[in-house]
Amino acid sequence: MMKYKVALFDLDGVVFDTEPQYTVFWGGIARQYHPEQPGLEHTIKGSTLEQIFGKFFADVPNEHASIVERLNVFEQQMRYEYVAGFERFVTTLRSHGVRTAIVTSSNRPKMEAVYAQHPELNGYFDAILTSEDFSESKPSPDCYIKGAERFHVLPEECVVFEDSFNGLESGRESGAYVVGLSTTNPAEQIASLTNMVIADYEDERVEGKLYGLFSF
């Protein structure tokens with residue numbers, strides 16, 4: 001089995017267990033503007049803000065600025081709690097020379113809120129790529145191709161950690177090995193888009209295989 005050199009992590013639902021909070025936020029927005037579409041907050045998971053407005057709120061363009069303002073306030077107040085086992089996992093990878101990066105659709109202002117709660121975060125990664133670094137949004141593979149380029153390797157030499165359908169497709173289309181976390185969607189729903197599904201980084205069923213992906 002090929003040994004991989006680089007680990008590329010999405011942020012929400014992969015590094016931090018924030019998806020339930022976003023469900024609450026977007027559930028409120030959806031009920032306000034589209035009460036005729038119950039469950040819309042689940043449909044938009046993993047989409048960028050641009051995609052959300054373009055696909056689901058194109059009919060209320062004058063409200064976009066208000067929604068963004070409310071989202072910014074919400075993200076400043078969110079709790080950013082690590083997915084179980086993440087800190088131990090990423091620290092182990094780095095101690096064995098594996099390069100690591102965050103590759104997220106989140107923007108830099110949101111990341112400032114994250115850093116305020118977790119100033120140690122930068123120490124876990126060799127690079128942090130945000131939405132400002134990409135020309136195309138997930139499910140385009142552009143972000144993970146650029147993530148690989150940052151380390152002068154091919155996507156095929158990387159492991160992508162993702163949770164959303166858009167993100168999983170992005171990782172798969174880049175050519176990377178894809179590990180799907182069932183933090184946002186049920187394992188059976190994401191299995192076809194992944195090479196491996198884990199509940200979290202303490203998933204004893206696959207822990208040995210997960211570490212075995214890397215070259216140490």
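**Figure 1. Helix α7 packs against helix α8 at an angle of about 55°.** In this predicted model, α7 covers residues 142–150 and α8 covers residues 165–174, and their axes lie 7 Å apart. The angle makes α7 oblique to α8. Follow one helix past the other and you will find a right-handed crossing. On the α7 side, the contact is made by C143, Y144 and I145; on the α8 side, look for G167, S170, G171 and S174. Sorted by class, this contact has three nonpolar residues, four polar ones and no charged ones.

**Figure 2. S170 sits in helix α8 and touches residues of α7 and of the stretch before it.** Is S170 buried or exposed? With a relative accessibility of 0%, S170 counts as buried. Leaving out residues up to four places away in sequence, S170 touches K138, P139, S140, P141, C143 and Y144. Two of these partners, C143 and Y144, also belong to the α7 side of the helix contact.

**Figure 3. A cis peptide bond joins K138 and P139.** The omega angle here is about 20°. Such a bond is worth pausing over, because most peptide bonds are trans. To find the spot, go to the loop between β3 (127–129) and α7, where P139 lies. K138 and P139 are both among the residues touched by S170.

**Figure 4. C143 and C158 are two cysteines that do not form a disulfide with each other.** How many disulfides does the model have? The count comes to zero. For C143, the nearest cysteine sulfur is that of C158, 12 Å away. A disulfide needs the two sulfur atoms within 2.5 Å, so the sulfur of C158 is too far from that of C143 for a bond. Each of these cysteines is buried: C143 has a relative accessible area of 1%, and C158 has one of 0%.

**Figure 5. H152 has a positive phi, near 60°, although H152 is not a glycine.** That is a detail to look out for, because most residues other than glycine have a negative phi. You can find H152 in the loop between α7 and β4. Is H152 buried or exposed? At 76% relative accessibility, H152 counts as exposed.

**Figure 6. D163 lies in the loop between β4 (158–162) and α8.** This aspartate counts as buried, at 1% relative accessibility. Which residues surround D163, leaving aside its neighbours within four places in sequence? Its contacts include D10, D12, G13, V14 and E19. Also in contact with D163 are L168, L181, T183, T184, N185 and I190. To relate this view to the cysteine view, note that D163 and C143 are 20 residues apart in sequence and 15 Å apart in space, C-alpha to C-alpha.

**Figure 7. Helices α1 and α4 cross at roughly 155°.** Here α1 spans residues 19–33 and α4 spans residues 64–77, and their axes come within 11 Å. The crossing angle makes α1 roughly antiparallel to α4, and the crossing is right-handed. From α1, the residues Q21, Y22, F25, W26, I29, Q32 and Y33 take part. They meet I67, R70, L71, F74 and E75 of α4. By class, eight of the residues in this contact are nonpolar, two are polar and two are charged.

Definitions and conventions. Residues numbered from 1 in each chain as written. Predicted model: local features only at pLDDT ≥ 70, side-chain atom pairs only at ≥ 80, totals over all residues. Heavy atoms only, no water. Buried < 20%, exposed > 50% of the residue type's maximum accessible area, 1.4 Å probe, protein only. Axes fitted to C-alpha atoms, helices over the stretch in contact; angles between N-to-C directions. Helix = DSSP H or I, 4+ residues; strand = E, 2+ residues; numbered from the N terminus. Parallel < 35°, antiparallel > 145°, perpendicular 65-115°, else oblique. Left-handed = near helix turned anticlockwise from the far one by under 90°. Contact = heavy atoms within 4.5 Å. Nonpolar A, V, L, I, M, F, W, Y, C, P; charged D, E, K, R; others polar.
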